[in-house]
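Student: I should like to examine this model by asking, for each term, what justifies its use. May we begin with the structure itself?

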Amino acid sequence: MDRALFAAASGMSAQQRNLETIADNLANAGVVGFKGSVQRFAELTAPGRGGVGTLSLGARVFFKQGKLARSAGPFDLAIDGPGFFTVVDAHGRRYYTRDGQFARASDGTLRDARDMRLDGIRIPADALTATVLADGSVQASFAKGPAHAVGRIRLAEFAAPEALRSIDGALFGATRESGAARTVTPGSDDGPKLRFGMLEESNVTIIDAMMQILTAQRAYEANAKGVQAADEMLRIANNLQRG
Amino acid sequence: MVAARTRLEIATDNLANLSTEGFRRVAARGALTGTGVSIERSRGPATAPGTPSGVDAIAEMIDVLAAERSFESAQKAVTAIDQSRQKSAEAARIQ
């Protein structure tokens, strides 16, 4: 295939993927705990012939902190700082999320919308109310006796969080590249803190995403013009051969 | 025509890498040789990791158009040379 044509076509394909990722980010801009992704590209080179276009390396999640907002959920939690909640599914598999929309289940566990339980915490059945302090300790009040701590929520951190496997943009799985989860106790001066009655919004900004869409669209058009120019040259060259 | 073609290849490669982080733009430089024009490639300065490529889409589009027009001009020159040779051959046949 003609090199100029291939390079321009690979650029169109790259911008198409870029647009898909940005559109997915935009669609999830209102999802609690959602983390946006960016497409990564690398130059495609042929030995001894220089660059011949671009190649998609896949999407990479960016874990920039989302805005914290007050919420009305019964057990809403937000992480102010790095780290993830560890949630466990029905098969005992562990996942990691910053979506803190939990609710108290009949068995005393705190469960999210996916029916996964928050790891390491169980609220006694006779507890009337429960709140979470910044250091993760869960304080419950009872009909009889004073309120006291019934457990402590701990967070998970990773050596390379950007290498976590994204399940749905808000739920992640550990990989060999991300390293094993390291347990962190929130509340220290320079560490993460928990905010009870708050949720972390998506870290996608609609205005930024719209700007990215426009940029990708223009880049796609520029590459399409490259395809047209290469095609025109081929047409001229063909006419030249005909005489 | 080959030089214009190479120039287009370089411009389209730069355009394709508009979103490639750390990409070093390739500049095309024409140089006169004894038999025409040759194009030399030179890489621009490296951009820091995590920053966008150093490609200016407008400049590359101008390069695409310029390469296309150069190619057309060269094609016209080839056609003109071909026609003048054809006429010379016809004149020689008449004589």
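Tutor: Helices here are DSSP runs of H or I with at least four residues, and strands are runs of E with at least two. By that rule, chain B of this predicted model has two helices and two strands.

Student: What pattern does chain B follow along the sequence?

Tutor: The pattern is α-β-β-α.

Student: How do you know that the span of α2(B) agrees with its 38 residues?

Tutor: The expected span is 1.5 Å times one less than the number of residues. For the 38 residues of α2(B) this gives 56 Å, and the end C-alpha atoms are 55 Å apart, so the two values agree.

Student: What does the radius of gyration say about chain B, set against a compact globule?

Tutor: A compact globule of 95 residues would have a radius near 12 Å, whereas chain B has 19 Å. Along the principal axes, the C-alpha atoms of chain B fill a box of roughly 70 × 25 × 15 Å. Of the 95 residues of chain B, 28% count as buried.

Student: Which residues of α2(B) are buried, and what makes them so?

Tutor: The term requires 20 or more other C-beta atoms within 10 Å. In α2(B), Glu60(B), Asp63(B), Val64(B), Ala67(B), Glu68(B) and Phe71(B) are buried. On the helix in general, there are 3.6 residues a turn, so residues three or four places apart point the same way.

Student: Why is Pro124(A) called exposed?

Tutor: A residue is exposed if 12 or fewer other C-beta atoms lie within 10 Å. Pro124(A) has 11, and is therefore exposed. Pro124(A) is found in the loop between β9 (117–118) and β10 (127–132) of chain A. Leaving aside neighbours within four places in sequence, Pro124(A) is in contact with Gly108(A), Ala140(A) and Val150(A).

Student: What makes a set of residues a nonpolar core, and which residues touch the most other members of the largest one?

Tutor: The members must be buried residues of the nonpolar kinds listed for a core, joined through C-beta atoms within 7 Å. The largest such core has 30 residues, of which Leu5(A), Ala8(A), Ala230(A), Leu8(B) and Ala67(B) touch the most other members. At least two residues each come from α1 (3–27) and α2 (206–242) of chain A and from α1 (2–16) and α2 (57–94) of chain B. The largest share, nine residues, comes from α1(A). A second, separate core has 29 residues, including Ala78(A), Met116(A), Phe172(A) and Leu199(A).

Student: How many residues does the contact take from chain A and from chain B?

Tutor: Contact requires C-beta atoms within 7 Å. The contact takes 29 residues from chain A and 26 residues from chain B. On the side of chain A that touches chain B, α2(A) gives the most, with twelve residues. By class, that side of chain A has 14 nonpolar, nine polar and six charged residues.

Student: Which domains are assigned in chain A, and how far apart are their C-alpha centres?

Tutor: The assignment gives domain 1 (3–61 + 204–242) and domain 2 (68–200). The C-alpha centres of the two domains of chain A lie 39 Å apart. Eight residues of domain 1 of chain A are nevertheless in contact with twelve residues of domain 2 of chain A. The domain 1 side of this contact divides into four nonpolar, two polar and two charged residues.

Definitions and conventions. Residues numbered from 1 in each chain as written. Chains lettered and ligands numbered in written order. Predicted model: local features only at pLDDT ≥ 70, side-chain atom pairs only at ≥ 80, totals over all residues. Contact = placed C-beta atoms within 7 Å. Nonpolar A, V, L, I, M, F, W, Y, C, P; charged D, E, K, R; others polar. Rg over C-alpha atoms; globule rule 2.2 N^0.38 Å. Domains from an automatic or database assignment.
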